[in-house]
Amino acid sequence: MKKAISLIAALSIMIGCAGCGNSSSTADAGSKAEESKAESAAESKDESSDEAVSGDKQLINLYAFTDEVPNMCKKYAETHPDFDAKYQIKVTQIPTTNGEYQPALDQALQNGGVDMFAAEAAFVKKYTQGDAAKYVASYEDLGIADVDQKIKDAEIAQYTVEIGTNPDGKVAGLGYQATGGAFIYRRSIAQDVFGTDDPAKVKDEIGPGWDKFWEAAAKLKEKGYGIVSGDGDVWHAVENSSSTGWLNDDGKLVIDPKREEFFDISKKLKDNGWHNDTRDWTDAWYADMRDQSGANADGEADVKTADTKKIFGYFGPAWLINYTIVKQVNGEKKGEGTFGDWAVTEPPIGFFWGGTWVLGTKDCKAKEGVAELIEWITLDTTDDGLQYKWANGTLYGANGTKDAVASSVVMKKSDGKVDMLDGQNMFDVFVPANANANGKTLTQYDEDINLIWRDQVRMYTSGQKTKEEAIADFKQKVQDDLDIESAD
Amino acid sequence: MAVRKQKGGEIAFTVFQYVVCIFIAVICLMPFIIMLINATRSSNSIMASAISFVPGKDLMTNYSVFEGKSFNPWTGFLNSVIISVGATACTIYFSTLTAYAIVAYDWKARKAFFMLIMCVLMIPSQVTAIGFFQFMYKIGLVNSFIPMILPSIAAPSVVFFMRQYMQPSLSMDIVQSARIDGAGEFRIFNQIVLPLMKPAMATQAIFAFVASWNALFLPSILLIDREKWTMPIMVSQLAGDMYKTEYGAVYLGLVMTVLPLFVVYFVLSKYIIAGVALGGVKE
Amino acid sequence: MSNSQRHLKGLSYAKYGYMFALPFIIIFLIFSLYPTLYTMFIGFTDMKGVGNETHLLEQPFENFKSILNNQSFIQSLKNTVKIWVMNFVPQMGLALLLTAWFTSRTSKLKGKGFFKVVFYMPNIITAATIAILFNTLFGYPKGPVNQLMMSWGLTNTATDFFTSKSASQNIVAFIQFWTWFGNTMIMMISGVLGISPDIYEAADIDGANGVQTFFRITLPNLKTIMLYTLITSMIGGLNMFEIPLLFNNGGPDGATTTASVFIYKQAFKGKQLFAKAAAASMILFVIICILSAILFWIMRDKDAIAAEKLRKEERKRRKQKQIGEV
């Protein structure tokens, strides 16, 4: 015991000394030396690994959290021999699942080991406007000419640009997807309850505004349906339709009245039994995309209990249909499972959800190559551009997955008809949907604050806390976890 | 009469033991069965019902997902084997050596050294991680297996265990008699002490191997190059692609991750189960 | 005392002690002590976020003060202790029971090897997998556990385990218990195997039954191993991280946020408050140090006393044996 104490004492003295010796100037010099060391180490490492592959190709270090952007770049190199002769793309792909992507990316950014990277809506503002913005070059600095004009010509949704604009007012990141949201609903249920499955008419049944939406929910309830799967579906719409975000200009926490209203919305949904009380991205949430009574492809009974309802629809952008719902419907053509029994229409309030932004760094050593890639991905509106192929599902051969893209010009000339929506051209809905979205409410801490918020809302709806207690705890937790004070 | 009663009681007790053990065994085996079966089922049917006792027919379909995703189980396997075997060997050998230094020799700093080990044992691993990562980045040990293997030479918890195990069971008489026979200290350790420690080493080897094989956080931050990825990183990569979730393939990946552990476990468990008692001179 | 022995005594073997401990010391200094000191140092700075300049704080203990006033941190400490106790008590109980059964010489139980192998198996799977698996099992409203409970008529409506604080804490404690009881059991068994068979033989001759042997011989001799298990489990418990994080992300309402989850979130989420995380971990470190020191001290004393007693008893027994033989 005595020894332990003396040891700790000794250690703390050592720390103290380390502290006194570490005046700011030496610290700076040290960190610079470290940086250069790390850089040289990174370079030598790169050289050694690429010697066998390429003689004098320039290296592009690409960081991404899914294989989407890396595959695009590979495709570009395949189809552009000039580019392929000059550059070698080295992909570092780290999933965001357990939060490994950001620490690794941040370290690599500090050491200058990144030329180009992808960032998701949940954290992109950190790299365009937040702490890490200092490492990111504007598109102009990368060498892309007339960025603003090109954005205008491509008719890229305003929120995409807002999110990607750095503190100097220059664009430093753009997406290729458009993630403006729609309401994605089941045609058969619409037919049963509203007597029509026409998106133009269903639009008026569920909106505009929440009041109309609740009316629709009540109607659906009468016939035994739930309007959404869980309150999370509604949250995405509420979150990105409010006029202020979680932080005010002073960086203090504020709760927008529209967001505060989510307490009542969530409670209303639960008390009235208008949903199945699922959470997004859980098995139960996925299961609601299938038919309740339907067995799945293998003939096994679905995991459903007696009190769950068939669900009318989901709030979401195009990717939710084409990457998520389509995988859950137990079918590949109309008549199988719920495939083809879907349609999209204008949501009661405009919102957006998710998206990937592409950024280049200030330390980038292959600026021309990165600029070429970024321009092709985000600004090229020709039929050879990434977005045209992405929108029409032709990037990797015919009949690929179609998705909404950032450029409205591309969307307008693309064919958004998908069998999943029974031949509906989804771009008719998603092009205007982008205009409703507002990128100003996003903050770099959204992911964390939202988790705390939704948690406290659940405490309220499950009857464990009053609304006032939940809001007070929410503020306390944000203060504790994120060191963000409440504005009031 | 009394004897028969006792026998009846004994049988009842044995039956009770079986019931308890079998019940616990079922609870322990459940996830493995679920994992194995789900590896053969399609992602769709898994999402419909996570638990099924009927194997599906999609094993090869699930495997083909790996190919499409540049998931190379064999590279991952090899990397994991190199790291885990290296780390386990380092941990076991050097921890025993260190424990021997504490138990067998009377050196001045011994007690302080042991206290130090005790203290290190208690450092929350989560946060030294911050310092550790920054240090590794500084000295350029990214994409290297060294940060995964070398630090395991200093495994305080294993040293502690070895010391606790060695203290009562190592007889200095043997050491002394070996010295009289003219054996060097290092040879005494390798040829006499190590064999004595086999049961403890086997136990700790399993723990060390499992821990090293399953490690995800540290390797996933330090091993950036695809070619250097370990099995768990590859599996988490599959699961991390949230837009295109392939549950069947994830389960298959998990099974492939666990299989080598089974092999190692069954090989080493021999020592534990056979009940190798400590040999040598008894008190 | 013979000549050679005197000669041996004259030799100093101390240098071998230093030599054999050297690899450990070197590696420890580089890969463990330095990062730890560095982390400690961070606790006195304002390090946060990415690439911000780091300065020493004017008031060196600002971070420590702020963390000690942080309600969520205090809550996380309470949670950690609660969950650890809920898992450790039954874990140790079951492990001891199974150890008694499996090492008993009179037991008729067959297939012990099989059971041992199986019981340890939960410890093999990656914590991440276990957490995800249990998350599925307890799914709401349609998870298998809910399904079973409703089909057996235990409840009428589905239970949302993830919004119930006590349910979440219980499940996390259960997962910990389930993962670690086999490990503890094997540790105990290998400890029993380390006990000299002579003692058991002596007990057999004295006609001690299984229960008596277990309580009089096995248990006292297991003290060191139990101490080890207790300390590692306590430290493991205070470092409990992957399962609460991945099972329910430390929720609901922070009920499964352990100290390590708190630290991880401070450092790697949101604002990346490295300095505060470092301060919190040092506070945790001190707490663990104090607890372990107390524990070690208590247990070691008793252990020595017990060993002394045992030696005396044995001596007595041997004497009696000799007398009997004579």
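**Chain C and its interfaces in the predicted complex**

Chain C contains 14 helices and zero strands, and its elements, read along the sequence, follow the pattern α-α-α-α-α-α-α-α-α-α-α-α-α-α. The structure is a predicted model, for which the predictor gives the complex an ipTM of 0.80 and a pTM of 0.80. Within chain C the pLDDT averages 80, and 89% of the residues score at least 70. Residues 1-10 of chain C, by contrast, have a pLDDT below 50, and beyond near neighbours in sequence this stretch has seven contacts in the model.

Of the 326 residues in chain C, 57% are buried. Among the contacts in chain C with a separation of 6 or more, 66% are accounted for by residues 24 or more positions apart. The area that chain C exposes is about 14400 Å², and carbon and sulfur atoms supply 62% of this area.

The two interfaces of chain C were then considered in turn. The size of an interface is often given as the accessible area lost when the parts come together. Between chain C and chain B, about 8200 Å² is buried, with 80% of that area on carbon and sulfur atoms. In terms of contacts, 87 residues of chain C meet 95 residues of chain B, while the rule finds zero salt bridges across this interface. Between chain C and chain A, the buried area is about 3900 Å², of which carbon and sulfur atoms give 56%. Here 43 residues of chain C are in contact with 50 residues of chain A, and three salt bridges are found by the rule across the interface.

One residue that takes part in contacts between chains C and B is C:Y38, which is placed in helix α2 (residues 14-42) of chain C. With its neighbours within four places in sequence left aside, C:Y38 is in contact with B:G131, B:Q134 and B:K138, as well as with C:M47 of its own chain. The relative accessible area of C:Y38 is 15%, and the residue therefore counts as buried, the limit for that class being under 20%. The C-alpha atom of C:Y38 is separated by 9.4 Å from that of C:A278, although the two residues are 240 residues apart along the chain.

On chain B, a nonpolar surface patch of about 430 Å² is made by B:I22, B:V26, B:M30, B:I33 and B:F53. Of these residues, B:I22 is found in helix α1 (residues 2-39) of chain B and counts as partly exposed, at 45% relative accessibility.

Side chains of opposite charge can pair when their charged atoms come close. Over all chains, the count by this rule comes to 26 salt bridges. One of them joins the side chains of A:K440 and A:E162, with an N to O distance of 3.9 Å. Because A:K440 lies in the loop between α20 (427-436) and α21 (446-461) of chain A, whereas A:E162 lies in helix α9 (residues 158-164) of chain A, this pair ties together parts that are 278 residues apart in sequence. A:K440 counts as exposed, at 64% relative accessibility.

A further salt bridge in chain A is formed by A:D264 and A:K467, whose closest N and O atoms are 3.3 Å apart. This pair also links distant parts of the chain, since A:D264 belongs to helix α14 (residues 257-271) and A:K467 to helix α22 (residues 467-482), 203 residues apart. The two partners fall into separate classes of accessibility: A:D264 is partly exposed, with a relative accessible area of 34%, whereas A:K467 counts as buried, at 17%.

Salt bridges of A:K465 connect this residue both within chain A and to chain C. Within chain A, A:K465 forms a salt bridge with A:D473, the closest N and O atoms being 2.6 Å apart; across to chain C, the side chain of A:K465 meets that of C:D253 at 2.5 Å, N to O. A:K465 counts as buried, at 11% relative accessibility, while A:D473, at 28%, counts as partly exposed. Through shared partners, salt bridges join A:K465, A:D473, A:K477, C:K165 and C:D253 into one network.

How values were computed
Residues are numbered from 1 along each chain as its sequence is written. Chains are lettered from A and ligands numbered from 1 in the order in which they are written. Side-chain values use heavy atoms; hydrogens and water are left out. Patches are made of residues with over 30% relative accessible area and no salt bridge: like charges are joined within 9 Å, nonpolar side chains (Val, Leu, Ile, Met, Phe, Trp, Tyr) within 5 Å. Accessible areas come from the Shrake-Rupley method with a 1.4 Å probe; for residues, only the protein chains shown count as cover. A salt bridge is a side-chain nitrogen of Lys or Arg within 4 Å of a carboxyl oxygen of Asp or Glu. Helices (H or I, at least four residues) and strands (E, at least two) are DSSP runs, numbered from the N terminus. Buried means under 20% relative accessible area, exposed over 50%, partly exposed in between (1.4 Å probe, protein chains only). pLDDT is the predictor's confidence in each residue, from 0 to 100. Contact means heavy atoms within 4.5 Å. Buried area is the accessible area (1.4 Å probe) that two parts lose on being put together, summed over both.
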